[in-house]
Every structure is written in C-alpha cells, then in structure tokens.
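Q: Please take a close look at the place where the ligand sits in this structure, and then carry on to the parts of the protein around it. I am a first-year student, so I would welcome a careful, connected account.

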Amino acid sequence: MTGKANPFESLQSQIDEAAVHLDVGADVLERLKHPERVLETNLTIELDDGTLERFKAFRSQFNGDRGPYKGGIRYHPAVTRDEVKALSGWMVYKCAVVNIPYGGGKGGIVIDPAAYSADELERVTRAFAAELRPFIGEDIDIPAPDVNTGQREMNWIKDTYELLENTTEPGVITGKALESGGSEGRVEATGRSTMLTAREAFEYLDMEMEGATVAVQGYGNAGWIAATLLEDLGANIVAVSDSSGAIYAESGLDTRAVKDFKNETGSVQGYRDADEELSGEELLTLDVDLLVPAALENAIDADNASEVQADVVVEAANGPLTPTADEILTERGVHVFPDILANAGGVTVSYFEWVQNRQRFYWSEERVNEELETIIVDAFDDLTETYEAYDLENFRTAAYVVAIQRVVNAFEESGTFP
Ligand code: NAD
C-alpha cells in the first residue's frame, strides 16, 4: 500500500463529503467515522515441517446500528489494520444502500496463501475461527469470503465454530458450499447485480442496451458473469481482459466460448475468434458505451482517467477508481455507478443464504434471482431519486447520502447507552 492513500482516511473523507448534503451533527458523524471495535490477534500454528509460525489477524466491527456486523475475511500479505477498518466501514454503507438489515465488518490474516499447504491453511483458518468464536454468531457478526478465501475456508470456520459451541448454526458464516448450507445463485450474484445496475443505468440515461458496446476488465467471477449476462441482454462485448492482457472483437465476443478458452489455457489472450490483442491498459480507454472494471482497486487513476472514452462505468470491482479519477470522470460527464450498489449482489445473496439457514428452508435459484433483482432495482431507484432531489454531482455521492442517512436514522431511533 506504499505510495497510495491510506484507505481508512479515504473512507473518512468520503463520509465527510457525503455528509455535507445531510443534516447530521458533527458528533453523530464522528461516530460514523470509526469502528466500534477491532480485534487484533496473533495466531501461532505448527507448519508441516514441525516448526511454529505466527500470523497477525484482524476483525473490525465497524457499525451495528442496522443489524449484525457483516463482511468478508481476506488472506493477503498486505493486509493491515487500517485496510481492514476501512473495508469494514465500506460494508456498512454497502448494506445500507441496498437496505439489507446488516451493519458492517471485515477481517483479514496477514498471509500469502500460495506459500502454504492446504493443511497449514486449514490450521490457520481454524485457529482464527477459535479466536473469533466469542465475537461472531448469526445474530452478532457473520463473516464471508473475500480475497483469497472461498467456500473451503468458510466451511472450516463453520465447522470449528459449531464444534466449539456444540451446536449447528450454519448462519454464522456465508459463502458456504451448497452442501454445507450455501445458497443457489451466490456464485453468480456479483456479476448479476453488475448487469442489473448497468441495465437500469441505461434505461435511466435513455441508452439502448441492445447492440451497446461493452469492455470488461477482469475475467474472473464478477467480470465473466457480468459479461455473459450483458451479452444475454443483447449487448456487444467487444473486449475483455485478465492479468495476461486483453482481446478485442468488433462484432462482439462469444463470452461463454472465451470462458471455456480461459478455463483450458489459463488466460483470455490467444482466443482464436478475436480480431486483435490489446494491453490491459488499452482496454480501459476504448471508445465503448459501457466499461465494467471487474479486477482490482485503483485500475483507473489520475494518469488514465482523462483517456477513458466510455459513456458509462459500472464498478463491479471494489474501489476501481481512485478519488482523483472519480473527480476527473465526473468533470468529463462520464456516468459512474458505484461499487457499493453494483457489486452488492454478493452480500445480498449472502443475506438470502443467512435467511435460508435460519429458516432451514432453501430457495430455488429462480427465487434467489428474482429477490435479488427486486433489491437492486429498488436501490437503484432510491439512488437516482436522491441524485435528483439533492442535485448531486455524481451517483457515488448519492449512494453515500442514501446509506449514511439510513445508518443515522437507525442510530437516532435506538439512542445511546449509557
Ligand atoms: P477473481 O479473482 O475471480 O477475478 C479477478 C480477475 O481479474 C481475474 O480474471 C484476473 O486475471 C483479473 N485481473 C487481475 N489483474 C488484472 C489487471 N491488471 N488487468 C485485467 N485483469 C486483471 O475475483 P472476483 O471475485 O471476480 O473479484 C473481482 C473484483 O470484484 C474485486 O475487486 C472484488 O473485491 C470485487 N467483488 C467481488 C465479489 C464476489 O462475490 N466475487 C463481491 C463484491 C466485490
């Protein structure tokens, strides 16, 4: 993270910027800028060679005014306390903007998972689950997957928690495998909410999705599902990229065939039905109707923002625009639909997973997708109504205005203790 803005300071300045438009006292605002608590722990496990190693880990519970804390656990060597605090704050506003009854949390372990065996990762995960046990629970704090964690880690955490608590409580964690109480539709949920946001955005802006040109940066879970669902709506996916580079086809790519090719070869480059290969950077500045950044944070920054030619940007990734890039695109009239709405499908279907776990009654994929569509379309309408009513400069500020107001309302209704 060297050379980059401290994410926790970025979160605090985003709150300050949105709060300008709201009638919220500085004392209330101060509360919204800091986590309620942060667990910092050191996990010591035995490696396969018999030696011991210590790993630092965090869990931040940012705000619980609207419900239990909710948010992922990431495994990455660059995890820091401030990053985890910031990510937990963004979860508060993501859950609030789609109006699901959760607060925000986030966790992380400072580890490069590629350097350890599956057995070692299991021991680290179970050690973290044991440390987290007094602080989590289906009515308290519900972790989920994030960078470098998935169904496997969620199942280990659930199993450790249930063993230590002598209970069955699948709703203590989401993002589980279907057999362990996961939900239909969870894997596709983030790409689906990205597609729904783009569809609603085009309608709002009086743009035609049929035949619209689309470039997608990142062909992983979020990017490839968004590309395929947009293709199914009639859009022309002219370019996609992954960490190897980009491919371009003027008449549109067959997104499923590209996915099969990537599964076989490990990258999108080399796909035979493309017109040409581009660099990942070139994809970001193509003259398209819609750009979907679905890879990593800070993809568009002060250096390339003035070259972005897309009319609409829908953020599937978390934080793909730096604050300066955001300002440049706003000034240039590019319509950016923010991550806290566009990729909220993941946490929304996690919410459905939790509801199903608590009821021990499981929904069809069709029902999951219908309920997700209702939530995203309602949130989109709330966002555009606020954008117009407050005459705001962009849709990101509108999303934060909606979200902060909801958290403040919940806080004011509950009051303070003591
Ligand atoms: P993933 O690991 O499945 O896919 C990431 C893709 O990005 C890969 O194809 C990788 O090759 C590509 N990539 C990496 N660096 C790149 C670069 N410089 N240029 C182009 N492509 C590059 O991850 P994912 O789950 O799809 O997550 C992508 C983004 O979406 C992340 O920001 C994540 O935080 C966000 N997100 C994901 C979910 C979810 O449920 N999967 C939910 C919310 C937010």
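A: What follows begins with the ligand and goes on to the core, two threonines and some points of backbone geometry.

The model is a predicted one, and every value below is computed from it. In this model 19 residues surround the ligand, and the closest are Thr190, Asn221, Ala222, Ser243 and Asn318. Sorted by class, the shell around the ligand is made up of seven nonpolar, nine polar and three charged residues. Backbone atoms take part here: an oxygen atom of the ligand lies 3.2 Å from a polar backbone atom of Tyr219, and a backbone N or O atom of Gly220 is likewise found 3.2 Å from an oxygen atom of the ligand. A polar backbone atom of Ala316 is 3.5 Å from an oxygen atom of the ligand. On its own the ligand has 830 Å² of accessible area, and the protein covers 69% of this. The elements that give two or more residues to the shell are α7, which spans residues 221-232, and β7, which spans residues 236-242.

Tyr219 also leads from the ligand to other parts of the protein. Leaving aside neighbours within four places in sequence, Val240 is in contact with Tyr219, and its other partners are Val216, Gly245, Ala246, Ile247, Leu253, Val258, Val268 and Leu283. Val240 is also one of the residues with the most contacts inside the largest nonpolar core, which has 88 residues; the others named for this are Tyr93, Val98, Leu230, Leu290 and Ile404. The element that gives the most to this core is helix α14 (residues 395-414), with eleven residues.

Tyr219 appears again among the contacts of Thr255, a residue of helix α8 (residues 255-265). Not counting residues up to four places away in sequence, Thr255 touches Tyr219, Trp224, Ala227, Thr228, Glu231 and Ile237. Thr255 counts as buried because its relative accessibility is 0%, and the cut-off for buried is under 20%.

A second threonine, Thr197, belongs to helix α6 (residues 189-204). Since its relative accessibility is 0%, Thr197 counts as buried too. The side chain of Thr197 reaches the backbone oxygen of Ser193 at a distance of 2.8 Å. Apart from neighbours within four places in sequence, the residues in contact with Thr197 are Val314, Phe337, Leu341, Ala342, Ile376 and Phe380.

The backbone itself has some points that deserve a careful look. Most residues other than glycine have a negative phi, and most peptide bonds are trans. Asn99, which is not a glycine, has a positive phi, near 60°, and lies in the loop between α3 (81-97) and β4 (104-110). With a relative accessible area of 45%, Asn99 is partly exposed, because that class lies between the limits of 20% and 50%. Asp206 has a positive phi of about 60° although it is not a glycine either, and its place is in the loop between α6 and β6 (213-217). Because its relative accessible area is 73%, Asp206 is exposed, the cut-off for this being over 50%. Finally, the peptide bond from Phe417 to Pro418 is cis, with omega near 0°, and Pro418 is found in the segment after α14, the helix that gives the most residues to the largest nonpolar core.

Notes
Residues numbered from 1 in each chain as written. Predicted model: local features only at pLDDT ≥ 70, side-chain atom pairs only at ≥ 80, totals over all residues. Heavy atoms only, no water. Helix = DSSP H or I, 4+ residues; strand = E, 2+ residues; numbered from the N terminus. Buried < 20%, exposed > 50% of the residue type's maximum accessible area, 1.4 Å probe, protein only. Contact = heavy atoms within 4.5 Å. Core = buried A, V, L, I, M, F, W, Y, C linked by side-chain atoms within 4.5 Å. Near = heavy atom within 4 Å. Polar contact = N/O pair within 3.5 Å; in protein donor to acceptor, adjacent residues only side chain to side chain. Areas by Shrake-Rupley, 256 points an atom, 1.4 Å probe, with all protein chains shown as cover. Nonpolar A, V, L, I, M, F, W, Y, C, P; charged D, E, K, R; others polar.
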